[in-house]
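User: I would like a close look at one part of this model, read strand by strand, and then a view of how that part sits within the rest of the chain. Please take it slowly and keep the account connected.

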Amino acid sequence: MQKVSKYWPYITIFITAVLILLPQIVTGSYILGVDSIFHMNRFYDAMMQLKTGHLNYFISIYGYQQSGRIINALYGPLTAYFSGFLLLITGSWVRFQIVTSLLTLTVSGFTMYNLAIRTRIKQIYAVFIGIAYMSSYLIMGWVVGMQFTGWGAAILPCLMAAGFDMIDNKEINVIKLALPMTIMLQTHLLSSLTGALALVPMFIAGMMHNPNRKQMLKNAVLAVLITLGLTANVWYGMFQISFTNHALGVAPQLNMYEDSIAFFGNNVFVLPPIYSIGFIIVVGYFIYHFKKLSTDRRVIFITGMLFLWISSVWFPWGPLDKQFPSISYLIQMPRRFVVIAFVLLLICFGIMINDSFKKEMLNTIKVYCLMVITFIMILSAGMTVQGGAKDFFSPQVVQNTYNLKYQINNTNLIRKSLTINNPGEVLKMLTKATPDYLPVQYKMTAYNYFDYHPYGNYGDQIINYSGNVKKIVKSNGHLELIWHNTSDDTKATQLPVVKYSDTKLILNGNHLGKVKQTQIGSVIVNAKPGKNKLEIYYQPTMMLRIMLWITIVSWVLLIFYFVFKIVKLKKSSK
């Protein structure tokens, strides 16, 4: 009973996560959101590699129509293989989604609760802050849309805890800073960069009031070096592949104003009213009490407000985008910065409600009001899940059909394919021509991105390829294409695979040098009459191999460090 009493906040948060997902758990449905097909291909590719033992870290040999695209190596590689492992264990997409959604909700609630406790907010209010965060659209983006910003947001409070140490304790805990930054880099690059930006004002504030600045700076450098070692596969892989190819970036946001946040308005992303009202109250409270606030609370509030401004319609995104067009590639949606504001301003809300009234009756009213708000937030999140579950049983099956292609008309088969232990089936029935990271053969800009029709070309040349080509994954992780040239002459043939600068091709036993490629990078080879074979593999540079080994060795050393700490702790407790 004592243990239950001790862990009740975590039990409460877990139960809340289950309640939010209850409509999906009860119906056994799958929510196919805006990014689902893209990430399902990532996870399926990783799962099949783990299942068969036919490994290829760089190119897609099972997912994305076995097109040889580089995706997982550039986009959260560690999380991709972790997700592939979960898919292998769970067997079906329905079970996989329920498990990962439950994990995301629970982790986000736990991390935010711990951050609130670390800020000396009372337990009851810290639980409220944890539930308020896990119920927000930031986390729910994963649950109903498989948006990886949800996973980044779930881990972010751990990183902010390291930032709070900088302004609170005037110190940097090396592992406490390096580990969450590492996990975020291995999960979602933009979330990690956003988190790193939020740490800057905290670091500056800590340095200004720290008599031992050299030690703090030394620990900061050490944390950066450890992070670089643990993520060398991510940052160097991104650098090397991007700069040796014209790797196609994400589609630029042509009107960044429309993807900025606001408390109210039209043609913009309006925050849910309950959060808008809460943030407005926090702003009023902290401005009124600003002179009485401690330095650490001032820094938390100012940093939160700074990121709220950056993510909003009040920031001059229009002029900035005109001056620097490439910014729309990197940021895409300014509202992504609001995740920092959510974390910090929710903590500020917790600080505000943490103060007690002199009259006990007012404190009781406050608790009841928070219980009502909590109920509304849980209900709202649950209804969002219910809407997704309802779509699963609708004629279209999917929640968001944007840029989605039905390869069969029988949606009952699509629905069934999401519940059976064969995750690859649905990826044949539902396709999405998302061309991110393709090795395009032209120099792209924010202005000419759509002129070359990468979405349409990928659909025509890869997804809906009209030729009869058989694809086989060999035991060494190489991809082999087999087809027949029915003509009597050598024929230039475009094949449904793409080539990067370090992709190697072997045609009928002969290594090919430079080959013709289409605008999106699919290869054109001279096929002899009769049967033809093309073998494809990726040969990383020596430097990239070294970086991969640095990553592996760094993780092994980190595991040994934690084992050593645990053993030492057990010995000291005897």
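Analyst:
**Pairing around strand 12**

In strand 12, Ile536 is the bridge partner of Leu479, and this pair is a convenient place to enter the structure, which is a predicted model. The two strands concerned are strand 6, covering residues 479-485, and strand 12, covering residues 530-538, and they pair in the antiparallel sense over 7 bridges. Ile536 of strand 12 also has Leu505 standing opposite, and this leads to another neighbour, since strand 8 (residues 503-507) is joined to strand 12 by 5 bridges, again with the two strands running antiparallel.

Taken as a whole, the sheet is an open one of 5 strands in the order 5-6-12-8-9, with antiparallel pairing. Its edges are formed by strand 5 (470-473) and strand 9 (510-512), each of which pairs on one side only. From one strand to the next, the twist averages 25 degrees. As a general point, the strands of a sheet pair through backbone hydrogen bonds, and they do so either in parallel or antiparallel fashion.

A second open sheet holds 3 strands, in the order 7-11-10, and its pairing is antiparallel as well. Strand 7 and strand 10 are its edge strands, each with a partner on one side only. Strand 7 (residues 491-498) is tied to strand 11 (residues 522-527) by 5 bridges; within this pairing, Thr493 has Val525 as its bridge partner in strand 11, while Gln494 stands opposite Ile524. On the other flank, strand 10, which comprises residues 516-517, pairs with strand 11 over 2 bridges in the antiparallel sense, and here Gln517 stands opposite Val523. Strand 10 and strand 11 make a hairpin with 4 residues between the strands, and in this hairpin Gly521 takes a positive phi near 100 degrees. Helix 21 (residues 454-463) lies across strand 7 and strand 11, and its direction is at about 110 degrees to that of strand 7.

Turning to the rest of the chain, the secondary structure of the protein comes to 22 helices and 12 strands. The radius of gyration is 26 Å, close to the 25 Å that the globule rule gives for 574 residues, so the protein is as compact as a globular protein of that length. The C-alpha trace spans about 95 × 60 × 55 Å along its principal axes. Among contacts between residues at least 6 apart in sequence, 75% join residues at least 24 apart. The accessible surface comes to about 26700 Å², with 64% of this area belonging to carbon and sulfur atoms.

As for the interior, 54% of the 574 residues count as buried. The largest nonpolar core has 166 residues, and Met40, Trp93, Tyr133 and Met160 touch the most other members; helix 17 (residues 338-354) gives the most to this core, with 15 residues. Met160 illustrates how distant parts of the sequence meet: leaving aside residues up to four places away in sequence, its contacts are Leu115, Gly195, Ala198, Leu199, Met202, Val343 and Leu344. In soluble globular proteins, nonpolar side chains tend to be buried together.

Two positions outside the buried class complete the view. Ser356 lies in the loop that links helix 17 to helix 18 (360-392), and Ser356 is classed as partly exposed because its relative accessible area is 49%. Apart from residues up to four places away in sequence, Ser356 touches Lys122, Asn363 and Lys366; the C-alpha atoms of Ser356 and Lys366 are separated by 9.4 Å, with the two residues 10 apart along the chain. Val26, by contrast, lies in helix 2 (residues 8-27), and Val26 counts as exposed because its relative accessibility is 66%. In space Val26 and Ala389 are 9.7 Å apart, C-alpha to C-alpha, although 363 residues separate them in sequence.

Notes
Residues numbered from 1 in each chain as written. Predicted model: local features only at pLDDT ≥ 70, side-chain atom pairs only at ≥ 80, totals over all residues. Heavy atoms only, no water. Pairing = 2+ DSSP bridges. Axes fitted to C-alpha atoms, helices over the stretch in contact; angles between N-to-C directions. Core = buried A, V, L, I, M, F, W, Y, C linked by side-chain atoms within 4.5 Å. Buried < 20%, exposed > 50% of the residue type's maximum accessible area, 1.4 Å probe, protein only. Contact = heavy atoms within 4.5 Å. Rg over C-alpha atoms; globule rule 2.2 N^0.38 Å. Areas by Shrake-Rupley, 256 points an atom, 1.4 Å probe, with all protein chains shown as cover.
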